[in-house]
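The following note is offered to a colleague who is meeting this structure for the first time. Its numbered points may be read alongside the sequence and the model.

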Amino acid sequence: MTQYPAPADVAVRFIKAWGSQDMDAVAGLLAEDVTFESPRMKVHGAESTLATLGEFSQVVTGIDVLAVLGDDRQAMIMYDMATGPFGTLRVVDHLIVENGKIKADSIVFDTYELRKAQEG
């Protein structure tokens with residue numbers, strides 16, 4: 001029987017890799033049929049998810065993990081994400097993990113700073 005990392009461990013590796021723009025590491029954590037959902041969009045598939053995450057990662061200047069919870073199927077991670085154009089955003093990711101790969105990632109954050117930047 002293959003032993004996979006706990007979903008909480010996958011969540012931390014994923015967020016730290018993404019926050020440091022290590023898209024190769026991010027790609028290695030995504031299932032081919034992953035679904036990614038944020039307040040701004042929903043995409044399906046590893047290639048589309050990687051492109052979406054890669055684009056936004058360019059404005060990230062730091063990640064500070066605040067809390068991680070998980071069981072044998074899912075994890076929730078809360079972190080402060082420092083960005084150049086939007087300041088620091090508090091973010092929560094809910095991840096579904098199967099066989100050590102992320103099947104679904106649903107993120108929640110206050111979009112006020114993003115909307116304000118688009119209007120200005």
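**Notes on the sheet and its helix**

1. Strands β1 and β2 are paired antiparallel, with three bridges between them. The two strands make a hairpin, and four residues separate them. Within this pairing, F36 lies opposite V43 of β2. The reader should bear in mind that the model is a predicted one.

2. The hairpin belongs to a wider arrangement. An open sheet is built from six strands, ordered β2-β1-β6-β5-β4-β3, and its pairing is mixed. At the edges stand β2 (42–44) and β3 (60–70), each of which pairs on one side only. On average, neighbouring strands of the sheet are turned by 20 degrees against each other, with direction ignored.

3. As a general matter, the strands of a sheet pair through backbone hydrogen bonds, in either a parallel or an antiparallel manner. In this model, β1 and β6 run parallel and are joined by four bridges. Two positions illustrate the pairing: T35 stands opposite A104 in β6, and F36 has D105 of β6 as its bridge partner.

4. Which strand is joined to β6 by eight bridges? That strand is β5 (residues 87–98), and it runs antiparallel to β6 (residues 101–109). Here L95 has D105 in β6 as its bridge partner. D105 is thus named in two pairings, with L95 and with F36.

5. The turn between β5 and β6 deserves a separate remark. The hairpin of these strands has two residues between them, and N99 adopts a positive phi near 55 degrees.

6. What lies across the strands of the sheet? Helix α1 (residues 7–19) lies across β1 (30–37), β3, β4 (74–83), β5 and β6. Relative to β4, helix α1 runs at about 20 degrees.

7. In summary, β1 has β2 as an antiparallel partner and β6 as a parallel one, while β6 also pairs antiparallel with β5. The reader may wish to trace the order β2-β1-β6-β5-β4-β3 in the model and then locate helix α1 across β1, β3, β4, β5 and β6.

Methods:
Residues are numbered from 1 along each chain as its sequence is written. This is a predicted model: local features need pLDDT of at least 70, side-chain atom pairs count only at pLDDT 80 or more; totals for chains, interfaces and linings use all residues. Side-chain values use heavy atoms; hydrogens and water are left out. Two strands pair if DSSP finds at least two bridges between them. Axes are lines fitted to C-alpha atoms, for helices over the stretch in contact, and angles run from 0 to 180 degrees between N-to-C directions. Contact means heavy atoms within 4.5 Å.
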